[in-house]
Amino acid sequence: MQGETRLKNHRLPVVADFFSSGNIERFRRIHSIMSEPNSRDFTGKMNHESDADFAARQKLQHKLNCIKHKIIVMSGKGGVGKSTVAVNLATALLLAGNKVGLLDVDIHGPSIPTMLGLENEKPGGTQEELLPVDLGGLKVMSLGFLLSSPDQAVIWRGPMKIGVIRQFLENVHWGELDYLIIDCPPGTGDEPLSICQLIGHLDGAVIVTTPQRVATVDVRKSINFCRQIQLNVLGIIENMSGFVCPKCGEVTQILPPGGGRSMADDLGVPFLGAIPMDPQIAQAGDTGRAFLRYYAASPTAAIMQELIKPLLNLQG
Ligand SMILES: Nc1ncnc2c1ncn2[C@@H]1O[C@H](COP(=O)(O)OP(=O)(O)O)[C@@H](O)[C@H]1O
Ligand SMILES: [Mg+2]
């Protein structure tokens, strides 16, 4: 590819360019214009929208049109297994024959590169368009690829996070995808909100919880967030539900199970399934291997394969 460069010694050049070129201000303008009712002309250009803003919005729309299904993985709590679920949903969809992208928008704690053994990878491409890292067909993008070291702390306020998330959608060559799985940080802050505003139409959210009531209380907030912004809840996954003995494979209920299912019943949203606490999942995550690829024959892998069934049946 002409003009292709490997972004060595990457020090966020794209992000820096983005901020220095006044794009943040443009992003703010686009969003204030889009929220005005009846403000489009016959070409789709909004009143008061500059030609450059209109072109940027069209470019983003074109990219998004090439991705059939966009699914966000979220939770009110940290450490409940969102990234683990995102990696394995993406892998299961890939193994089922789909073209899949995995976007990590956990700006402060991007764990996808570590979980997939991609810490030393850098996206290729150009300043204008980055190529996602390709892992056996899975297209992966994370801020973790762009940091100079995994220990680098990212201290950004909302607009900077929104800016980089926009770049992840607009300036990354995702190409044609069947699914884009988006891994979010905990909570209902800038990251999930930006994703929903930028993408406009997501297929929905997969909400991850652990069985304990303390976790489900916070996770309910995620469901209310979805309701407030009219985002479809595809379902709840109860992770770390029981413990699989590494010796005999028997599942022991360490904590009272069922918190996820009863929350789903209570709130009238689908329950997608329960994943046990399995030492092989933790080991796979720590050693940078997608669990589903490496432990494909395990009973937990079979559970994970089941979880994607409703996602395979999405319309559109
Ligand atoms: N079902 C599970 N069994 C064993 N370990 C798990 C399971 N789910 C997640 N983990 C481990 O728990 C830790 C936190 O998971 P992670 O996916 O990073 O959570 P989150 O993204 O919600 O912060 C990781 O080390 C991961 O490997
Ligand atoms: Mg995570």
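**Ligand 1 shell**

I started with the residue classes around ligand 1 in this predicted model. The shell has nine polar, six nonpolar and two charged residues. I then asked which of the 17 residues come nearest to the ligand. They are Gly81, Lys82, Ser83, Thr84 and Gly285. Next I looked up which elements supply at least two shell residues each. I found two helices, H4 (82-95) and H10 (279-286), along with strands S9 (233-244) and S11 (271-277).

**Helix H10**

Since H10 contributes to the shell, I checked its burial. Ile281, Ala284 and Gly285 are buried. Looking down the axis of H10, I see these buried residues within an arc of 100 degrees, so they line one face of the helix. A note to self on the geometry: an α-helix has 3.6 residues a turn, so residues three or four places apart point the same way. Pro279 and Asp286 sit on the other side of H10 and are exposed.

What covers the buried residues of H10? I list H4 among the covering elements, together with helices H5 (112-115), H11 (291-294) and H12 (299-307). So H4 turns up twice in my notes: it supplies residues to the ligand shell and it helps cover H10. Just after H10, I noted a positive phi of about 70 degrees at Gly288.

**Leu93 in H4**

I picked Leu93, which lies in H4, for a closer look. Is Leu93 buried or exposed? I count it as buried, because it has 22 C-beta neighbours inside 10 Å and the cut-off for buried is 20 or more. Leaving out residues up to four places away in sequence, Leu93 touches Asn98, Val100, Tyr179, Ile308 and Leu311. I also looked at the pair Leu93 and Leu138: they are 45 residues apart in sequence, and their C-alpha atoms are 9.7 Å apart.

**Strand S2**

Val100, one of the contacts of Leu93, took me to S2 (residues 100-104). Five of the five residues in S2 are buried, so the strand is largely enclosed by the rest of the structure. I sorted them by direction: Val100, Leu102 and Asp104 point one way, Gly101 and Leu103 the other. That fits the textbook pattern: in a regular strand the side chains alternate between the two faces of the sheet.

Which strands pair with S2? I found S7 (residues 177-183), parallel over five bridges, and S6 (residues 138-142), parallel over four bridges. Val100 stands opposite Tyr179 in S7. Both Val100 and Tyr179 are on the contact list of Leu93. On the S6 side, Gly101 has Lys139 as its bridge partner.

**Strand S1**

From S7 I moved on to S1 (residues 67-74). S1 and S7 run parallel and are joined by six bridges. Ile71 has Ile181 of S7 as its bridge partner. S1 also pairs with S8 (residues 204-209), again in the parallel sense, over four bridges. There I matched Ile72 to Ala205. S1 is mostly covered, with six of its eight residues buried.

**Positive phi away from glycine**

I looked at two residues here, Gln230 and Met240. Gln230 has a phi near 55 degrees and is found in the loop between helix H8 (213-228) and S9. Met240, also not a glycine, has a positive phi of about 60 degrees and lies in S9 itself.

Their surroundings came next. Gln230 is exposed, because 7 other C-beta atoms lie within 10 Å of its own and the limit for exposed is 12 or fewer. Met240 is buried, with 24 other C-beta atoms within 10 Å.

**Whole chain and confidence**

I closed with the totals. The protein chain comes to 13 helices and 11 strands, and 43% of its 316 residues are buried. For contacts between residues at least 6 apart in sequence, I noted that 78% join residues at least 24 apart.

The mean pLDDT of the chain is 86, with 86% of the residues at 70 or more. Over residues 1-21 the pLDDT is below 50. That stretch still has 28 contacts in the model beyond near neighbours in sequence. I am leaving those contacts alone for a general reason: where pLDDT is low, the predicted coordinates should not be read in detail.

Definitions and conventions
Residues numbered from 1 in each chain as written. Chains lettered and ligands numbered in written order. Predicted model: local features only at pLDDT ≥ 70, side-chain atom pairs only at ≥ 80, totals over all residues. Near = placed C-beta within 6 Å. Nonpolar A, V, L, I, M, F, W, Y, C, P; charged D, E, K, R; others polar. Pairing = 2+ DSSP bridges. Arc of directions from axis to C-beta. Contact = placed C-beta atoms within 7 Å. pLDDT = per-residue confidence, 0-100.
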